[in-house]
Amino acid sequence: MARVERTETCGTLTFPDEVDLSNGEAILAQAVELLDTGVPALILDLGSCTFCDSNGLHVITHSQMRATELGIPMWVVLPPRGIVRRVAEVAGLQRRVAIAPDVATAREALTATARR
């Protein structure tokens, strides 16, 4: 399972070290629950994730689709290098979701978006 943090400005879902078939659906359920409870924004934090297969990409893309349906901005935090970053790049994730290098940057971007 992922760690969930809620604030007045966003919900943050911090992925575990590894995301695969064993936990992908549970993490997706957590993301959808956050979105459906009305968080103003969502951050998916993979900053400490060291392994992510297609199940992790499934979580991200389906979370983005649900966020878009609800009009909720979403950012994904990726580690600067490593297999998780490489999988995301090969899958073209940067063309589908907003990506930040860390949670602080994602929160700043969300705050700037909210002011508009």
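User: What makes a pair of cysteines a disulfide here?

Analyst: A disulfide is a pair of cysteine sulfur atoms within 2.5 Å. Please keep in mind that this model is predicted.

User: Thanks! How do you know that cysteine 49 has no bond to the closest cysteine sulfur?

Analyst: The closest cysteine sulfur to that of cysteine 49 belongs to cysteine 52 and lies 5.2 Å away, too far for a bond because the cut-off is 2.5 Å. Cysteine 52 is likewise in no disulfide, and the structure holds zero disulfides.

User: Why is cysteine 49 called buried?

Analyst: Its relative accessible area is 4%, and buried means under 20%, so cysteine 49 counts as buried.

User: And what makes cysteine 52 buried?

Analyst: The reasoning runs along similar lines. Cysteine 52 has 3% relative accessibility, under the 20% limit, and therefore counts as buried.

User: Let's turn to the nonpolar cores. Which residues touch the most other members of the largest one?

Analyst: That core has 27 residues, and those touching the most other members are Leu13, Phe15, Leu44, Leu46, Ile60, Met74 and Val76. Among the elements that give two or more residues to this core are strand 4 (42–45), helix 2 (54–70) and strand 6 (74–77). Helix 1 provides the largest share, five residues.

User: What does methionine 74 touch, leaving out residues up to four places away in sequence?

Analyst: Methionine 74 touches Leu42, Leu44, Ile60, Ser63, Gln64, Ala67, Val97 and Ala98. Apart from the largest core lies another, of ten residues, including Ala41, Ile43, Val77 and Leu110.

Key
Residues are numbered from 1 along each chain as its sequence is written. This is a predicted model: local features need pLDDT of at least 70, side-chain atom pairs count only at pLDDT 80 or more; totals for chains, interfaces and linings use all residues. Side-chain values use heavy atoms; hydrogens and water are left out. Buried means under 20% relative accessible area, exposed over 50%, partly exposed in between (1.4 Å probe, protein chains only). A nonpolar core is a set of buried Ala, Val, Leu, Ile, Met, Phe, Trp, Tyr and Cys residues joined through side-chain atoms within 4.5 Å. Helices (H or I, at least four residues) and strands (E, at least two) are DSSP runs, numbered from the N terminus. Contact means heavy atoms within 4.5 Å.
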